[in-house]
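User: I'd like a close look at one part of this protein, please. Could you walk me through the packing of its aromatic side chains and what surrounds them?

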Amino acid sequence: MKIIPLTPDHYQEFIEFNKQIYPGRKNIENRFKLQVLENPLLTEKSHPSVLLMCNKENQIVGFQGGTPLQYCWQGETIDCLAGIGGIIQEEYQKKGRGAFLMHKWLKTHSSFFTIGISQLMQQILLSLGMQKIGEAHTYLWIRKFSSPLKMAWSWLTKDKYQSERGSDVSCFPEKVSFQNNQFIKVNSQKQIRISDYSPWKKEVLEFSRSPEFLDWRFMGKETHALYQLDPATYFVLKKVD
């Protein structure tokens with residue numbers, strides 16, 4: 001077994017490997033291009049933060065990687081990675097190869113966020129010398145008892161609704177009012193207004209942002225719409241499938 005960085009000459013083989021490992025995923029090639037290569041924080045476009053594990057025939061049998069991100073903590077902006085993922089083909093999942101691949105990857109990527117991590121994976125990361133600095137949870141706030149019923153009805157009638165109103169964010173309102181404030185829908189990067197960014201509180205972990213990053217993350221998507229109140233206040237509205 002050998003471990004090598006993902007470079008352009010392995011992109012197509014890497015995409016085919018993902019199609020084989022994740023047969024239920026759609027548009028894997030486009031997802032790789034949009035989520036990895038077009039990330040404005042990826043400074044070296046020919047060297048994404050991915051390591052490959054190859055067998056004696058130089059075939060890919062596993063990988064470990066992530067996509068660049070930045071966060072602010074204790075007054076400092078720190079480069080990190082998010083969307084961490086990795087897998088080893090079943091026939092090669094022996095002799096600690098997965099842990100060895102992750103260990104090699106962690107030696108050059110010391111700060112990252114991961115989603116839906118299991119207790120077993122947490123134990124593995126801690127055993128490899130990583131330190132947990134915190135965690136985040138998502139909560140569903142139901143303001144009215146009738147809201148779940150409305151959501152259920154929308155789901156049951158979504159085909160008819162989508163055919164009449166459209167299936168992308170173009171049907172979202174141009175303005176949203178909340179407590180005497182009016183948020184305006186942003187339709188292009190040129191409309192994004194971000195002031196000199198400074199973290200809200202030093203003791204609170206915040207993801208840093210720039211017009212380029214927001215444009216990459218939310219503009220031109222069929223599932224998200226960005227609304228802005230002022231250069232420091234905005235929210236993202238996501239279409240529920």
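User: To start with, is Phe 63 buried or exposed? Please take the answer from there through the rest of that part.

Analyst: Happy to. One thing to keep in mind as you look: this is a predicted model.

Phe 63 is buried, with a relative accessible area of 9%. Its ring partner is Phe 14, which is also buried, at 6% relative accessible area. A pair of aromatic rings is described by the distance of the centres and the angle of the planes. For Phe 14 and Phe 63 the centres are 5.1 Å apart and the planes stand at 85 degrees, so the pair is edge-to-face. An angle over 60 degrees is what earns that label. Phe 14 belongs to helix 1 and Phe 63 to strand 3 (residues 60–73), so this pair ties together parts that are 49 residues apart in sequence.

That contact is one of 4 aromatic pairs in the count. Another joins Tyr 11 to Phe 32: their ring centres are 5.3 Å apart and their planes meet at 70 degrees, so this pair is edge-to-face too. Tyr 11 sits in helix 1 (residues 11–21) and Phe 32 in helix 2 (residues 28–37), so the pair ties together parts that are 21 residues apart in sequence. Tyr 11 is buried, with a relative accessible area of 13%, and Phe 32 is buried as well, at 9%. Put the ring pairs together and they link Tyr 11, Phe 14, Phe 17, Phe 32 and Phe 63 into a cluster. If you colour those five residues in your viewer, you can follow the cluster from one ring to the next.

Now follow the chain back from Phe 63 in strand 3 to the neighbouring strand. Strand 2 and strand 3 form a hairpin with 5 residues between them. In the turn, Asn 58 has a positive phi of about 65 degrees. The two strands run antiparallel and are joined by 5 bridges. One of the bridge partnerships matches Met 53 with Gly 62 in strand 3.

Strand 2 (residues 50–54) is mostly covered, and 5 of its 5 residues are buried. Val 50, Leu 52 and Cys 54 point one way from the strand, while Leu 51 and Met 53 point the other way, and all of them are buried. So that you can find the other partner of this strand: strand 1 (residues 2–5) pairs with strand 2 in the antiparallel sense over 4 bridges. There, Ile 4 has Leu 52 as its bridge partner in strand 2.

Those two residues bring us back towards helix 1. In the loop between strand 1 and helix 1 you will find His 10. His 10 counts as buried, at 17% relative accessibility. Leaving aside residues up to four places away in sequence, His 10 touches Ile 4 and Leu 52. In other words, His 10 touches both members of a bridge pair between strand 1 and strand 2.

Helix 1 has charged residues to show you as well. Lys 19 forms a salt bridge with Glu 16, and their closest N and O atoms are 3.6 Å apart. Lys 19 and Glu 16 are 3 residues apart in helix 1, so about one helical turn separates them. Lys 19 is partly exposed, with a relative accessible area of 37%, and Glu 16 is partly exposed too, at 38%. Compare that with Phe 14 of the same helix, which is buried at 6%. Further along the chain, the charged end of Arg 25 sits over the ring of Tyr 22, 3.9 Å from the centre of that ring.

For the wider setting, the protein chain has 7 helices and 9 strands. Buried residues make up 30% of its 241 residues. Among contacts in the chain with a separation of 6 or more, 60% are between residues 24 or more positions apart. The pair of Phe 14 and Phe 63, with their positions 49 residues apart in sequence, ties together distant parts of the chain in just that way.

Note on methods:
Residues are numbered from 1 along each chain as its sequence is written. This is a predicted model: local features need pLDDT of at least 70, side-chain atom pairs count only at pLDDT 80 or more; totals for chains, interfaces and linings use all residues. Side-chain values use heavy atoms; hydrogens and water are left out. Rings of Phe, Tyr and Trp (its six-membered ring) pair if their centres lie within 6.5 Å; planes under 30 degrees apart count as stacked, over 60 as edge-to-face and the rest as tilted. Buried means under 20% relative accessible area, exposed over 50%, partly exposed in between (1.4 Å probe, protein chains only). A charge sits over a ring if NZ of Lys or CZ of Arg is within 6 Å of the ring centre and within 35 degrees of the ring normal. Contact means heavy atoms within 4.5 Å. A salt bridge is a side-chain nitrogen of Lys or Arg within 4 Å of a carboxyl oxygen of Asp or Glu. Two strands pair if DSSP finds at least two bridges between them.
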